Amino acid sequence: MSTKIPATVVTGFLGAGKTSLVRHLIENARGRRLALIINEFGDLGVDRELLAGCGVENCREEDIVELTNGCICCTVADDFLPTIEKLLNQPQPPDHIVIETSGLALPKPLVKAFAWPEIRTRVTVDGVIAVIDAEAVAAGRFASDPDAVQAAREADDSLDHESPLEELFEEQVQCADMVVLNKADRVDAATLEAVTATVARHLRPAVKTVVSVQGGIDPLVLLGIGAAAEDDLDSRPSHHEMEGEDHDHDDFDSFVIGLGAVRTPEEVEARILSAVAAHDILRIKGFLDVAGKPMRHVVQGVGDRIQRYYDRRWKPEEERRSELVVIGQRGLDRAAVESILRG
């Protein structure tokens with residue numbers, strides 16, 4: 001039997017539902033101690049806050065590590081490897097490590113890091129899980145249909161390069177050991193079948209696809225795959241390796257906007273929808289301090305789809321604040337977006 005600690009890499013595009021899936025794993029860990037490494041795109045630790053506040057006994061704050069110095073696949077040596085070593089060197093190491101990557105991360109460079117001598121004999125990539133937003137793929141936002149893409153290019157004289165969003169989608173699916181088609185409740189059966197076929201075009205042989213709503217997959221399905229992905233890199237194709245390109249995120253901008261106390265969440269949602277309609281915003285997420293309410297309000301948006309809910313009470317020692325992370329294509333007009341969101 002291997003004595004290596006298994007690690008699961010959870011990848012997926014912006015807003016696909018990675019954090020919901022990871023939280024479900026925590027809440028259904030059946031006593032298994034999980035350590036979490038969270039890599040966000042942006043300066044406000046929304047995902048870590050949501051996971052740390054899950055209220056589950058085996059979800060200790062010291063077992064949740066947030067990497068905020070940039071995309072995890074670009075800062076492997078500086079951030080990721082020291083973090084893994086720190087977890088492994090604990091007096092009681094975790095039973096399983098779950099890594100939630102940024103929505104802009106390429107999974108293959110991260111998997112490669114597990115072959116480094118410092119950790120190779122102590123931890124293994126149990127599996128790479130790609131979380132896919134079924135509704136978004138159905139709408140053609142993060143999927144690649146070669147004929148349709150080519151037709152669109154030919155019709156647009158200003159477009160002279162491939163969409164990085166399509167490449168990210170393909171990179172994440174092609175590296176996966178299992179694909180989770182999330183938000184299945186938002187599409188009908190025929191659409192879900194079409195989405196499954198779209199994803200299947202990029203899957204490696206024998207990789208399975210499962211369907212979920214709000215990341216509700218039994219951990220027995222996702223943990224314990226035994227892929228040893230770091231020993232199987234050649235079977236996982238990469239656009240950037242084939243093209244000899246360096247991976248960077250110059251195509252995207254992100255910034256945090258502070259709003260102060262807000263009167264109602266509905267007003268903020270209306271402003272978000274106005275900003276999304278006027279600017280090339282991919283993702284908005286954050287927390288609201290609603291005047292007169294004892295609980296923190298979570299806001300998560302992908303395009304014009306906004307999800308809102310109260311998640312927990314503000315802690316007595318905690319500074320109440322309203323802050324949103326805005327992520328969009330390069331050249332996003334921060335001043336204009338901020339003006340709309342501030343009202």
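This passage describes the overall make-up of a predicted model and then its salt bridges, ring contacts and selected local features.

The protein contains twelve helices and twelve strands. Of its 343 residues, 53% count as buried. The accessible surface comes to about 15,200 Å², and carbon and sulfur atoms account for 48% of that area. Among contacts with a sequence separation of 6 or more, 79% join residues 24 or more positions apart.

Helix 1 spans residues 18-27, and its buried residues are Lys18, Thr19, Leu21, Val22, Leu25 and Ile26. Viewed down the axis of helix 1, these buried residues fall within an arc of 160°, so they line one face of the helix. Lys18 is thus listed among the buried residues of helix 1 together with Leu21, Val22, Leu25 and Ile26.

A total of 18 salt bridges was found in the structure. Two of them involve glutamate 267: one is formed with arginine 263, at an N to O distance of 2.4 Å, and another with arginine 271, at 3.9 Å. Arginine 271 and glutamate 267 both lie in helix 11 (residues 265-278), and because they are four residues apart there, about one helical turn separates them. The residues of these two pairs vary in their accessibility. Arginine 263 counts as exposed because its relative accessibility is 64%, a value that lies over the 50% cut-off. Glutamate 267 has a relative accessible area of 25% and is therefore partly exposed. Arginine 271, at 23% relative accessibility, is also classed as partly exposed, since the lower limit for that class is 20%.

A further salt bridge joins the side chains of arginine 320 and aspartate 289, with an N to O distance of 2.6 Å. This pair links distant parts of the chain, the two residues being 31 residues apart. Arginine 320 is placed in the loop between strand 11 (305-313) and strand 12 (323-329), whereas aspartate 289 is placed in the loop between strand 9 (281-288) and strand 10 (295-302). The relative accessible area of arginine 320 is 34%, which makes this residue partly exposed. Aspartate 289, in contrast, counts as buried, with a relative accessibility of 10%; the reason is that buried residues are those under 20%. Salt bridges also link Asp177, Arg204, Asp232 and Arg236 in a network.

The loop between strand 9 and strand 10 also holds alanine 291. Alanine 291 is partly exposed, with a relative accessible area of 47%. The C-alpha atoms of alanine 291 and threonine 264 lie 7.6 Å apart in space, although the two residues are 27 residues apart in sequence.

Aromatic rings were examined next. A search of the whole structure returned zero aromatic pairs. A contact between a charge and a ring was found, however: the charged end of arginine 296 sits over the ring of phenylalanine 287, at 4.0 Å from the ring centre.

Terms used
Residues are numbered from 1 along each chain as its sequence is written. This is a predicted model: local features need pLDDT of at least 70, side-chain atom pairs count only at pLDDT 80 or more; totals for chains, interfaces and linings use all residues. Side-chain values use heavy atoms; hydrogens and water are left out. A salt bridge is a side-chain nitrogen of Lys or Arg within 4 Å of a carboxyl oxygen of Asp or Glu. Buried means under 20% relative accessible area, exposed over 50%, partly exposed in between (1.4 Å probe, protein chains only). Rings of Phe, Tyr and Trp (its six-membered ring) pair if their centres lie within 6.5 Å; planes under 30 degrees apart count as stacked, over 60 as edge-to-face and the rest as tilted. A charge sits over a ring if NZ of Lys or CZ of Arg is within 6 Å of the ring centre and within 35 degrees of the ring normal. The arc is that of the directions from the helix axis to the C-beta atoms. Contact means heavy atoms within 4.5 Å. Accessible areas come from the Shrake-Rupley method with a 1.4 Å probe; for residues, only the protein chains shown count as cover.
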